[in-house]
2 protein chains.
Amino acid sequence: MNAEIIGVGSELLLGQIANTNAQFLSKQLASLGVNVYYHTVVGDNPKRLETAIEAAKERADLLVFTGGLGPTKDDLTKETVAKSLGRSLVSHEESLSSIKDYFVKTKRVMTPNNEKQALVVEGSDVLLNDHGMAPGMYIEADGKTYIMLPGPPKEMKPMFENYAKSHILDRLGVKDQIISRVLRFFAIGESQLETEIEDLLEAQSNPTIAPLAGDGEVTLRLTAKHETEEGALALLKEIEDKIQERVGEYFYGYDQTTLFSEALKKLGEKNWTLASAESLTGGLFSERMTSISGSGEHMRGSIVTYHDNIKEHVLGVDTDVLQKHGAISEQCARQMAEKIKEKFNTSVGISFTGVAGPNTAEGHPVGHVFVGLAIEGKETVVHELNLQGTREGIRKRTVNYGAYYLLKEDSEL
Amino acid sequence: MNAEIIGVGSELLLGQIANTNAQFLSKQLASLGVNVYYHTVVGDNPKRLETAIEAAKERADLLVFTGGLGPTKDDLTKETVAKSLGRSLVSHEESLSSIKDYFVKTKRVMTPNNEKQALVVEGSDVLLNDHGMAPGMYIEADGKTYIMLPGPPKEMKPMFENYAKSHILDRLGVKDQIISRVLRFFAIGESQLETEIEDLLEAQSNPTIAPLAGDGEVTLRLTAKHETEEGALALLKEIEDKIQERVGEYFYGYDQTTLFSEALKKLGEKNWTLASAESLTGGLFSERMTSISGSGEHMRGSIVTYHDNIKEHVLGVDTDVLQKHGAISEQCARQMAEKIKEKFNTSVGISFTGVAGPNTAEGHPVGHVFVGLAIEGKETVVHELNLQGTREGIRKRTVNYGAYYLLKEDSEL
């Protein structure tokens, strides 16, 4: 099955937004084994949309539309698809009543054009919109398959995953269970990881193994097919075990998790409290930890000692250490971690000092960084890093390493 | 002139990257008065690329290609365009020698396939690549215009701006100087701003006024055309003066600046030092300020009092205030700002306390926020906000308001 993804909306052609919907759908369709051969974007113009539909019908089996299902007169995807199929639009009662409910609940006045949102192409399977008003549609006609999805990603994504996907699998006659699992790795480069599992990558068929690098980490997406869910899970386990045996020391979590979520989970398991003393990172570690709802139980706070004065007079680093070793030193990182732990009365103190750039500092090159970790009842550890990249990249990588070190810390209190 | 943007690369169809090139080029072309009617994405497949080129020739005057100019056998944009034009590829000496230089400089071995990068379509104007190896091309043939640009945004964007743009302006016969200026506004909604300048928006022709909302702020892009630069600047000044008269109180800066850059500039002008006491924002204000290189002279640091305990025992907020008014209160924000100023010995202390969500706290709804500003020699001010949105959005908006309040603070020390 070959697909074309058609984004509808002048905001795309004016460059006000990027077509991230096409990226999401491409990934999803690839994971179902559907080849995407074209993306098309067309504005809110019926004639040009018609041209795009006719061209897509020539070259694709599956046409996936995003956008143009809203209430305004500019929204005309379903009108134009209906016309191309020679069908009419009919009102979908369930959608209409949920639109009405929405207006009652939010105490807003429902204008007549909102009723337009409940119109669907005759004979289509309606895809419910759990996060907005406009329903989607699934249609099979003349050997082609049409899927219409809303434009806003927060409506489109769940509609695709929860409703459209199963229709596509039915259409493909897939009876197998397809299960994916993403393994996330940190502190290892893509080429090193691929080298370690080269033979597995070369021999892959079921499960498939797809590496992806980005944002300072590497992931492996494992996808297994089997008649039964149990069978697919067993296949996944088998390949995962082999991978973990080789590169498990860099593994930190599954699927959509982050280093910070995992670090927070770890704090919970250990029943640890945490505070950070931050210099080059300016508060980024604390910000990332507290961005997670419910983090307050374990993450107590931070002192950002951006000026050396503050290291000494607020945090309490010894004048001696600063004069003898400088602020960018193993000794300073050690004291920062110990002092913040003491001052905030936590189980763990973490510290960051180093050079974010663009200029060198105290004779240290850009990217020279120390991360200190002081844990109750344990000797303080200081990790030294030599990072490359922009100021922003170095700050980001530094706090990611902080979360990673915390996560890999195996001492018991 | 109508354009189609054609992205070439299987990585786009697999969803590994989003087509941000099309967004950038759409914005750029819109600002030149070129209508973009279609975006197309096609993989590294000669037949399907040919189909895409033929379709685009039917419906556009200008075809802009991104990607597929690299050294591997998968890169075939110029080969396919050359074939469609009945032209051959020739070596471009300047590009070839700069590719050779690159390998000498980086001490890497140049493989033969890299010579392929210096091939260009016969009769094309070569667009130099100042940030990579593959040159771009500009071609006029049979009434159509073809532009080929490399795929990596860091190569494509400067090539477009520095080389391709002037060719398009020549083609359009534009002899006028075109100058743009972006005015940035905060703390005013898009609809309110548009209402205030409705008559100017309706009467616009030269300069044009393009409003854009996003990321919690509103911008107006003013674009003037005139035979002379002086004349264009005078036209811009005239319309800007009218706009500033109406909504100048919400204006904070020009072009690519940010609230934080402007706030830092203000600290420099006043020769103020600053520290923040942060609760719901978890260090985000400090992180944003220190993300700017050279901020250390003015931004001294922060205490993140994520746990109420820390507000009392580290920052020094009165037990009384916390017990009587709670941590989410005007009184607590006031003390936090004053205490951090005192503790860090700065000219200014700024504080953030409130509810980021998703749950209510201390009986306050999500989005109820206090921002305190203590300035040497001045009465402390506390601003109260009622924000909407996600946890992340509320945190972001809160620190933006902090920078904005600081920026608009007109007291002298």
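Start in chain B: select Leu212(B) and look across to strand 11 of chain B, where its bridge partner is Thr219(B). Bear in mind as you click around that this is a predicted model.

Now widen the selection to residues 208–214 and 217–226 of chain B. These are strand 10 and strand 11, running antiparallel and joined by seven bridges. Follow the backbone round the end and you'll see that the two strands make a hairpin, with two residues between them. Stop at Asp215(B) in that turn: its phi is positive, at about 60°.

Next, the aromatics. There are 20 aromatic pairs over all chains, so let's pick out a couple. Show Phe185(A) and Phe251(A) as sticks. Their ring centres are 5.9 Å apart and the planes meet at 70°; anything over 60 counts as edge-to-face, so that's what this pair is. Colour by secondary structure and you'll find Phe185(A) in strand 9 (residues 177–186) and Phe251(A) in strand 12 (residues 251–254), so the contact ties together parts of chain A that are 66 residues apart in sequence. Turn on a surface, and both Phe185(A) and Phe251(A) turn out to be buried.

For another geometry, hop to Phe285(A) and Phe352(A). This pair is tilted, with 5.1 Å from centre to centre and 40° between the planes. Here a helix meets a strand: Phe285(A) belongs to helix 11 (residues 284–290) and Phe352(A) to strand 15 (residues 348–354), 67 residues apart in chain A. Both of these Phe residues, Phe285(A) and Phe352(A), are buried too.

Still in chain A, select Phe186(A), Tyr401(A), Tyr404(A) and Tyr405(A) together; ring pairs link them into a cluster.

Then swap ring–ring contacts for charge over ring. Zoom in on Tyr38(A): the charged end of Arg59(A) sits over its ring, 3.8 Å from the centre. Now move to Tyr37(A), where the residue over the face comes from chain B: Arg48(B), at 3.4 Å from the ring centre.

Last stop: empty space. A search of the whole structure turns up one cavity of 30 Å³ or more, and the volume of the largest cavity is about 100 Å³. To find it, centre on Asn19(A), Val41(A), Asn19(B), His39(B) and Val41(B), which lie nearest its centre among the 18 lining residues. Highlight helix 2 (20–31) and strand 2 (35–42) in chain A and again in chain B: each of these elements supplies at least two residues of the lining. Which classes of residue make up that lining? Ten are nonpolar and eight polar, with no charged residues.

Technical notes:
Residues are numbered from 1 along each chain as its sequence is written. Chains are lettered from A and ligands numbered from 1 in the order in which they are written. This is a predicted model: local features need pLDDT of at least 70, side-chain atom pairs count only at pLDDT 80 or more; totals for chains, interfaces and linings use all residues. Side-chain values use heavy atoms; hydrogens and water are left out. Rings of Phe, Tyr and Trp (its six-membered ring) pair if their centres lie within 6.5 Å; planes under 30 degrees apart count as stacked, over 60 as edge-to-face and the rest as tilted. Helices (H or I, at least four residues) and strands (E, at least two) are DSSP runs, numbered from the N terminus. Buried means under 20% relative accessible area, exposed over 50%, partly exposed in between (1.4 Å probe, protein chains only). A charge sits over a ring if NZ of Lys or CZ of Arg is within 6 Å of the ring centre and within 35 degrees of the ring normal. On a 1 Å grid over the protein atoms alone, a cavity is a set of points where a 1.4 Å probe fits but cannot get out, and a pocket is an open set with protein on both sides within 12 Å along at least five of seven lines; lining residues have an atom within 4 Å of a point. Grid points are joined across faces, edges and corners, and a volume is the space filled by probe spheres set on the points. Ala, Val, Leu, Ile, Met, Phe, Trp, Tyr, Cys and Pro count as nonpolar, Asp, Glu, Lys and Arg as charged, and the others, Gly among them, as polar. Two strands pair if DSSP finds at least two bridges between them.
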